[in-house]
Every structure is written in structure tokens, then in C-alpha cells.
4 protein chains.
Amino acid sequence: MRTCDPKRGLLILDAAAQLFAKHRYHEVRMDDIAAHAGVAKGTLYRYYKDKEELYLALTIHGLQGLYEEAHGQIAGPGDPDQKLRDFIERIVRYYEQYPYFLELIQRIESSGSSTSLAALQDVRAQWFELVTDLIKQLADADLCSAEHPDLAALALVGIIRGILRFTPQPWPDHLAEWIYDLFMHGHARGEQNLSHVGNGAIAQSARGK
Amino acid sequence: MRTCDPKRGLLILDAAAQLFAKHRYHEVRMDDIAAHAGVAKGTLYRYYKDKEELYLALTIHGLQGLYEEAHGQIAGPGDPDQKLRDFIERIVRYYEQYPYFLELIQRIESSGSSTSLAALQDVRAQWFELVTDLIKQLADADLCSAEHPDLAALALVGIIRGILRFTPQPWPDHLAEWIYDLFMHGHARGEQNLSHVGNGAIAQSARGK
Amino acid sequence: MRTCDPKRGLLILDAAAQLFAKHRYHEVRMDDIAAHAGVAKGTLYRYYKDKEELYLALTIHGLQGLYEEAHGQIAGPGDPDQKLRDFIERIVRYYEQYPYFLELIQRIESSGSSTSLAALQDVRAQWFELVTDLIKQLADADLCSAEHPDLAALALVGIIRGILRFTPQPWPDHLAEWIYDLFMHGHARGEQNLSHVGNGAIAQSARGK
Amino acid sequence: MRTCDPKRGLLILDAAAQLFAKHRYHEVRMDDIAAHAGVAKGTLYRYYKDKEELYLALTIHGLQGLYEEAHGQIAGPGDPDQKLRDFIERIVRYYEQYPYFLELIQRIESSGSSTSLAALQDVRAQWFELVTDLIKQLADADLCSAEHPDLAALALVGIIRGILRFTPQPWPDHLAEWIYDLFMHGHARGEQNLSHVGNGAIAQSARGK
DNA sequence: AATGAATGAGCTTTCATTCAT
DNA sequence: TATGAATGAAAGCTCATTCAT
């Protein structure tokens, strides 16, 4: 749709994000989104062809934002190991700020036939390429295995997702670092790596406080 | 949910599983499920109160099945390290056989107010307790860190989910083992461990197995 | 649509006919049709895919009915001249009974892309073929010109339509006969042909009584 | 309807005419008309109160144009028979030039409550009076029946309409003359009169013209 | 006066649920 | 008990109309 006023387009997206994060797709009514965004229902359809496209735009927007945040740094020069730490930190922070995105990202599905579905595929591919690229940089610096960087990327994202999704906010400090350690060094020899975390906020929250 | 003929109840569940795996909740119509199961639409309502309950029953059934498969072995005696390897292997196989479950498991959401929602929470808790327990066994045997077994459990499940979900089948041989390695030893020193993935079972002896 | 209960299908069609005759397409709401037919709105969609198809079915049904009434007699043996008289009579009567059809017939248009649009074309072609055939029979019996039977058919239907549509009911007796005379002998020498009508009801109604 | 710039008013009317001729009332959107006329949507409402009035103005405009073309000649002195021939010729030509009018004219319906509906009734009455008047002139000159000039008028218009509407352009030569013959002399003795249709103007002298 | 983005009433359509058979 | 036609509440979507610019 020809977005006339970009600001309003984002206003709608933001309202939708909050609702789609709390409720399932079919539980969110266009009326609700409109009311939440403070616009008329018809306006939604000026900016997005239909409910599905609004939903896709939302997911794409989220991925895009995260991608753009990370891209500049990862693509640039620098120590790959530090880049990885920063990257994880960044995602954790992004989720802290936009917790609903965590819910949205996992609802990406083989939906209909919308044209903008292709756009989503693109951003997603772009995103995974970025993560894979980061891991390749590590491998090039001999900091990790050069085998299956793609699987490693999936694993990394899986860890982050799995932990953040089921750990209630606010998350403890050093969570990002803990994730880094697990990904790089594994849980088997995690004792020494976790030492600095065991005294921090993680242990508290994880043990039910 | 006065299940009259249990066989028919499962028939319905199975039909529903296939549809819910391929399409989103709101895209699956009760008509479709009925047609797929070869029963009349009204019959669905003899076995499940409504669409939501059918959906929950489906997820619970899947989790339960996986839980029961794993429980006997994990709870029993034996080498914790071997148990973990077997456990991962088991999940990978389960997903190989019931790929739709992979989709279903991540759709567990803060749904409505259904009474059987509690049942789902229970199975899920039960399931995570099982995984956490396994990791504790490892820690007791001094095979891994004793800190944050719950976070480690989330990470493990996250890795598995992340990889299986986005890796098209057929999966490479020894995928389960690769996951085990990553989880236990991390990606940093993964080079030697990964050599066998996709090339057959070469590196098994290298790690003393 | 798989018409389950044909009786109900006609019930709906009949209700729709009355409404479409009095109001324009966009002025008739599906709610109205449902209420008029004494069924629920959803039922309409069991029998007809959408509003357009319901509308087309209606027109087709009307044409079909008129066609079938006339076909048997025209196709059979007999005096062509008498057949023509009977035919006109028949249409006039049909319109008397189903005045709404008069309105519907002229709304046949190059509408959407519905598949049943083809069906409509068929019935219409069938119908005009019937009239043309009748005129050819007259020509074969040397009762009229053999030239342009198709144009003559169009003219005949045009006369009937033009008169009936703008003449308020109840129509005078012998109207059909007057039409026959005009079509066959023209208005120039109409005086003697109309003699029997001038004393009937036509003159009364036409002159404003 | 405070028409500010009459030229623009006609521009809109012309754009609307083309669209309403090809599509049904509810299929034509104000957006379409505006786009077609090259003006903004809001402008339409400066010239016409609402969609209905725009539609009525269009029909009235068409009828008015046809009326004005014909009026001067019919009302003036001259041979009634020749006037009739000219009249039919004129309508055929008018339709040839503005085929959409043929579609519009038949969509005059018991529409809403618009005030300008009365105006339409007026033009229509005016129009039929003109035709009826012409036929009365013929009767006065003893060239046709003096009975039911109103019915004859309806029949004449019906013939023209019926033929033009369903005969694809380009129409055969002398179509107007053929219509004249049918109306005046009927189809029964049409054989000699019709011979020239499509074969050129042969039979003119035969009828003393 | 002209514009066209915003509006929202009201329409079509869907589909979970019911219930007479 | 199983059925599937009927239901109608609820949703998505449209588009004539308005009005700030």
C-alpha cells in the first residue's frame, strides 16, 4: 500500500505489535488495532492491504530493525570474538525493549500467498546470513570450528530464543555473557565460566527470586 | 471430553495434528479436521468441547508422548552422559517421525481461559523438570556445571528446536551427536568434534565412545 | 454450491427475486434476502457462493422457466402463426405472474468473472434461438419475411418488453393480440387490427383509467 | 449541484458515462470516476451531491441531449412520415456515437429518494410525449392508426432498444430504415421491404420513396 | 476551489457451534 | 451415537462521504 504518512504507518505497526504479542493472530481484531492506534479502521487498510499483510509487515519491521542494528557492527572490522559478545548482548537488549518481538518471531509460518511473504523470506535469509557470517569470521580467526557455520547459527539463535522466551523479565545482568559462554565453550566445562554469574542476578531470578 | 471411543479420539487428534502443523490455528477449520479424520463435524464436539480444547489436547498429547518415551530411561539408573546422548537422539527421532510436533510445540501460548490450559502447563512443567533433572544428574556426576541447570535445560531445548525447525529434512547423520557436542563442549573447540558430521561416524572413538 | 434441499434453494431464489425486482443490486442486502426467505444469512451461502451468484442464479432460473414453458410448444408441430400468438400470450402471462422478472431480464450485464456467467449466456442464447426459430417457421410457411429472423426476434422481444415495462398492471385483455398485430402487420395499417381492442380494457388503461 | 465550472461538470459526467456503461452502479466507485475524469474525488462532490445524483444527472443529460436533437425537427412543420424516418435514424446514430447511453437508459429504476429523481421523470415524460406526438402527427395525416399512440410509442422505442442493444456494432446499413419498415408495415409483409437491408438501398423506390 | 487522506457505517462473508434427524 | 444442514455472532473489508490543508 502506498504509505502516505510514514509516521502513521509505524503508529499502526506499533499498536499491532503490542496486540499480536499478547494474543494469537485470530484473537486480534482489526477494530482493536485501530482503536489501539487511535485511527479509524479504514485507515489500517490504507496502509496495509489486509490483516495478513499488516502482520507480515510487523514481523518484517521487527527483523529489519534488529538486522540493521547489528549489521553495521558485524560487517565492519574488529575482533570477531568481541563482535559475537556484542551481538548477543544486542539481541538480549532488543528483546528487553521489544519483548513482543520474541513472540512474533516464532510465529513466522508458511502462511498464505501474500506477495510480501517473499519480502519476509528475504529479511529472514538476510538475518541468518548475518549470523552465519559472524560465525565464519570467528572460524577464520581460528576461534571456532569452520564446519557447519549455518547449524551453529541456528543453534545460537535457538539458545537465545529458548532462554529469553521462558525466562521472565527483568533478566539478570550477564545473561548475554552466560549465553556466549555456553555457545562457545559448552555446558560441560561451564563451571569456571559461570563463576562471575553465579554471584550476580542470574542465580537469584533463576532460583525463583 | 467424554471420550467414548478412544480410538476415534486419537484418529481426530492425528488428523488435527497434520493440519495444525501445516497451517496456523485460524487457518484450520473444524470442517477440515472432520473431513481429514473421516468423521462428521458434529462428532468432533463429542470428543472435544471446542476448537481450543482440541488444539490443547493435541499439544498435550504430543508433549506427553515425548515425555513418556524419555521418562523411563532418564529416571532409571545409568550413565548420565549416555542418557543425555540418548535423550537428544530420541527427540530428533521423534521430530523426524512427527515433524508437525515441532511446529505445534512453539505455538503454546497464553491462549484463552480453557480449563485444560492448566493441564498443558502441567505437562510442560513436567517436561522441563525432566530435562533439568537430567542435567542435574550430569552435574552430580561432575560432568558439567552445577549452576543453573534450568537455564541449561532451556538452552538445550532451544538448540534442538532452532536447528530442527530450520534445517530441511533429511537431516545429516549424527545430527543428534553434533547437538550433544555443541551443548557440552561449545562451538569454540568444535572443530575436531564436528569433523564426522555428514561424513559418517568417524570421530566417535576420538571422544572415547 | 451443492444444493442440499432444492425446495429451500427455490425459496431463497423467490425471496431474492422479489427484492431484486423492487430494488437495485446494491440496495438489496443479504440480510434482507435471508429475512425474506425465513432462513439464516449463513444458509444463503450454503446454496449460493456469493451475492453475485445468487443474482445470476435468479436470472437464469427466470429465463429457464420461461424457456421451458415455451419450448415444448414451439418445437412441436402446429400452425406457426398460432404458435406466435400463443408465445406472445405466454410471455405476457408470465410477466403478469412474475412481474419482477421483467426488471431482472434487463439487468443482464457484463458482470464479473463468475463461472455461472457462462451458464447465463447459454440460457440467453438458447432463449433467442427459440424465438428466432419460431420466426423461421413463420417464414417457411410463407407467413413472413425470411430475411433477418434474428433481428425480427430482437424486435419482437423489444416490443413486448417496452410495452409491458412501462404499462402499469393490470394489463388490458388482448394486449398480447395487439402486440401480435403490431409485430406482424405494423402500425401503419393498425386501425382495423386494433378495432377489437379499442373497445376493451386497453384503451381505458392507456388513457389513464 | 452548484456547478462552478460547467466544463468540468461535463468532464465528470463524461467519465462517469463511460464507466456506468460498462459496469453496474455498485461496481463503479467514486474513486474510479474521479481518476477517469482526472480530478480529485472531493471535486465530484462540488458538482454533484452524491453518487446517486451524479448518476441521475448523467441519465438526464443523455435523455436531454437526445430530446433536444429531435425536438426541433419533430415539433416543426414537415412530412410526418419523413419525420419518423429521420427520428429513428437519429436515435440509431446517437446510439452509434454514445453506445453507453443505451446501457444507461435501461437502468432507470425506482431508485432512492433523491430530489433530482423528479427531474428525471420529467425528462422521460417529455421524451415519450415527443414520440407520442410524432405518432399522432402520423395519425392526423392518416398514415397510421389513431388508436393508442402511447402504446405505439412504447413499441417503437422497444424495437429500437431491443435491436440496438443486442446487435453488435457495426450495425448493418439501413438498419434505421428496416426498423421503420417493421414498425410501420410489420414483419408479415416484410419480405420485399427487407430485401435491401445489408444489400444496399435497393427497395427504396418500391415503397415510393 | 481543489485535493485526497481519513473516516466509520454498513456491507459481505466466514465458520465455530448447535441440534433435529 | 453420529451426522451435517442450519445457524448467527462476529469478523474482515469497502467505499461514499467529509474536511483539514
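This report describes a predicted model of protein chains with two DNA strands, covering the surfaces near the DNA, two buried residues and two helices.

## Surface near DNA strand E

DNA strand E is surrounded by 33 residues, and the closest are Thr43(A), Met30(B), Lys41(B), Lys51(C) and Thr43(D). Of the atoms of DNA strand E that come within 4 Å of the protein, sugar and phosphate account for 66%. The residues of this surface divide into 14 nonpolar, four polar and 15 charged. At least two residues each are supplied by α3 (41-47) of chain A, α3 (41-47) of chain B, α2 (30-37) and α3 (41-47) of chain C, and α3 (41-47) of chain D.

Chain A approaches the bases of DNA strand E through both backbone and side-chain atoms. A polar backbone atom of Gly42(A) is 3.2 Å from a base nitrogen of the strand, and an N or O atom in the side chain of Arg46(A) is likewise 3.2 Å from a base nitrogen. On the phosphate side, a polar side-chain atom of Tyr45(B) lies 3.2 Å from a phosphate oxygen of DNA strand E.

## Surface near DNA strand F

Around DNA strand F there are 31 residues, the closest being Lys41(A), Lys51(A), Thr43(B), Thr43(C) and Lys41(D). By class, this surface has 13 nonpolar, four polar and 14 charged residues. Sugar or phosphate makes up 68% of the atoms of DNA strand F within 4 Å of the protein, and the rest belong to bases.

Two of the polar approaches to DNA strand F involve phosphate oxygens. A polar side-chain atom of Lys51(A) lies 2.8 Å from one phosphate oxygen, while a backbone N or O atom of Ala40(B) lies 3.1 Å from a phosphate oxygen. A base is also approached: a polar backbone atom of Gly42(C) is 3.2 Å from a base nitrogen of DNA strand F. The elements giving two or more residues to the surface near this strand are α3 of chain A, α3 of chain B, α3 of chain C and α3 of chain D.

## Two buried residues

Leu13(D) belongs to helix α1 (residues 6-22) of chain D. Leu13(D) counts as buried because its relative accessibility is 6%, which falls under the 20% limit. Beyond its neighbours within four places in sequence, Leu13(D) is in contact with Tyr48(D), Leu54(D), Ala57(D), Leu58(D) and His61(D). One of these partners, Leu58(D), is 45 residues away along the chain, yet the two C-alpha atoms are separated by 5.9 Å.

Arg24(B) is in the loop between α1 (6-22) and α2 (30-37) of chain B. Arg24(B) is likewise buried, with a relative accessible area of 6%. The side chain of Arg24(B) makes a polar contact of 3.0 Å with the side chain of Glu52(A), a residue of another chain.

## Two helices

Helix α4 of chain A, residues 51-75, contains 25 residues and reaches 35 Å from its first C-alpha to its last, close to the 36 Å expected at 1.5 Å a residue. The axis of α4(A) bends by about 25° at Glu69(A).

In chain D, helix α8 (residues 149-166) has 18 residues and a reach of 26 Å from first to last C-alpha, close to the expected 26 Å. Because 16 of the 18 residues of α8(D) are buried, this helix is largely enclosed by the rest of the structure.

Technical notes. Residues numbered from 1 in each chain as written. Chains lettered and ligands numbered in written order. Predicted model: local features only at pLDDT ≥ 70, side-chain atom pairs only at ≥ 80, totals over all residues. Heavy atoms only, no water. Near = heavy atom within 4 Å. Polar contact = N/O pair within 3.5 Å; in protein donor to acceptor, adjacent residues only side chain to side chain. Helix = DSSP H or I, 4+ residues; strand = E, 2+ residues; numbered from the N terminus. Nonpolar A, V, L, I, M, F, W, Y, C, P; charged D, E, K, R; others polar. Expected span 1.5 Å × (residues − 1). Bend = angle between axes of the 7 residues up to and from the residue. Buried < 20%, exposed > 50% of the residue type's maximum accessible area, 1.4 Å probe, protein only. Contact = heavy atoms within 4.5 Å.
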